Amino acid sequence: MIDSSGQAYKKARRRYLKTTRNRNLDIEKDWTPFRAAEKHFKARFPPPDLTKVLDLATLDESRASEVTAGNWAGKPDAAPTRAFTTVSGSYGYTLPEIPGLILLPAFLCPEKQKELIKWSLVEHARRPNETNLDIHYLLPSEGIWNAYVRDGNTVIHPRQIETDAEYLKQDPGPRTLIDNIPANTSNFELFNNVSKPPTPPSSNVQPASCSDLLPRLRWANIGWSYHWGTKQYDFSKGKIPIHHTIRDLCKSAVQSVDWKGVFALDTSDWGPHGADWMYWDENYEPDAGIVNFYQTKDTLMAHVDRSEVCATSPLVSISLGNAAIFLIGGLTRETEPVPILLRSGDVVIMSGPACRRAYHGVPRILENTLSPHLADIVDEPDWSIFKNYMDSTRININVRQVFPKEFDPGLS
């Protein structure tokens, strides 16, 4: 893409010239700083400039082959950071302008990355964990990945609309964005009582083979069930236990941080119960989340996680596969976001009142950036089928704690 003599570059240039020929030159005046950043990094032409993107992997000589993969690289000093030593002796980083944001580069070794990729596809993207494909297709109980491995030509049939079922009402026309007020201990009962009927399956879906459906896998739920139609949790479905591998990993990431060094001087409003960071080492208990499966043309637009009653406890985000640009700003879209390049094995923690509900998003998956240790199949031929899928994929596992420890939601 960066090679101006390549076909991809020339194709992007032709498309850019065609789509911008009649564009209103004043259109950008209405963009918020966050929207402007999204547009910049989404652009296929001209390719986005990464000189202002924080790329901490460039500080680590052992990751040189990762940095050169795909020819995408940022700068280690693109944003002010403060380094600290984790419990294991590796380096972590905070960003003074976003208190509570923790970056743990290469927190996962290559073997652990492969383990989590396999877990995401083989063990997790299947019943009882709901995926985006379950809404529209009658998936086998073994899940789309295992069905694909068994026989990629197996045809999966659409789910039919049940005439007597109560579905979520959807207005015709463009989808309306849902902008809920933040959940808290005072309004939890109100949110919990909101009707959450299922989303109707599409009437336009056609039968498709496992090979065709696999690239359409976008998410798989973790723990408490999330209702996408209302952007709230549906606690009536109960909680599926968090797999011990993910639970232990997230707790380990949280316990690796010296939280006193992060928040000792923080004067933010932590809510009626005050700051609780001093108890996270013992009390942090992840109980909800999602596994996102991004293809290289996918994006995650600016949003805020408002559905958790606990607005300060850590959200742990794990990157696997191709690299991505992660944007994080402030409490409104008017704050210019900090762009951060995340590579496979990196872990991000969002915590505290200034960060946990900050706007964030992923405007770009960087193509051809699969880490060499994930692309190598010489010593592990069984990995080849995973490698082929990951060539164009980024997996993100993010897990959070829904309720503060002192709050009893009254769920049986």
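Visitor: What makes you say that D305 is in contact with L315, R356, R357, H360 and R400?

Guide: Contact means heavy atoms within 4.5 Å. Leaving aside neighbours within four places in sequence, D305 meets that limit with L315, R356, R357, H360 and R400. This is a predicted model, in which local features need pLDDT of at least 70, side-chain atom pairs count only at pLDDT 80 or more, and totals for chains, interfaces and linings use all residues. Residues are numbered from 1 along each chain as its sequence is written, and side-chain values use heavy atoms, with hydrogens and water left out.

Visitor: Why does D305 count as buried or exposed?

Guide: Buried means under 20% relative accessible area, exposed over 50%, and partly exposed in between (1.4 Å probe, protein chains only). D305 has 13% relative accessibility, so D305 counts as buried. You will find D305 in the loop between β10 and β11 (315-321). Strands (E, at least two residues) and helices (H or I, at least four) are DSSP runs, numbered from the N terminus.

Visitor: And why is H303 classed as buried, partly exposed or exposed?

Guide: H303 has 22% relative accessibility, so H303 counts as partly exposed. H303 belongs to strand β10 (residues 300-303), and beyond four places in sequence H303 touches A358, Y359 and H360.

Visitor: How do you know that the side chain of H303 has a polar partner in M301?

Guide: A polar contact is a pair of N or O atoms within 3.5 Å; within protein, one must be able to donate a hydrogen and the other to accept it, and residues adjacent in sequence count only if both atoms are side-chain atoms. Here a polar atom of the H303 side chain lies 3.0 Å from the backbone oxygen of M301, so the pair falls inside the distance limit.

Visitor: Which residues does UniProt list under "binding site", and how do you know that they gather at one spot?

Guide: The unreviewed UniProt entry lists H303, D305 and H360. They span 58 residues in sequence, but no two of their C-alpha atoms are more than 9.0 Å apart, so they gather at one spot. UniProt positions follow the numbering used here, feature names are shortened, and annotations may be inferred rather than shown by experiment.

Visitor: What makes the buried residues of helix α2 (residues 33-42) line one face?

Guide: The buried residues of α2 are F34, A37, E38 and F41. Seen down the axis of α2, they fall within an arc of 100° (taken from the directions from the helix axis to the C-beta atoms), so they line one face of the helix. An α-helix has 3.6 residues a turn, so residues three or four places apart point the same way. The buried residues of α2 pack against β10, β12 (324-328), β13 (338-342) and β15 (360-365).

Visitor: Why is a set of residues called a nonpolar core?

Guide: The name goes to buried Ala, Val, Leu, Ile, Met, Phe, Trp, Tyr and Cys residues joined through side-chain atoms within 4.5 Å. In the largest such core, with 55 residues, W259 and I397 touch the most other members. Helix α8 (residues 244-255) gives the most to this core, with five residues. A second, separate core of 22 residues includes L315, A324, C355 and V362.

Visitor: How do you know that α8 has close to its expected reach?

Guide: The expected span is 1.5 Å times one less than the number of residues. For the twelve residues of α8 this comes to 16 Å, and the helix reaches 16 Å from its first C-alpha to its last.
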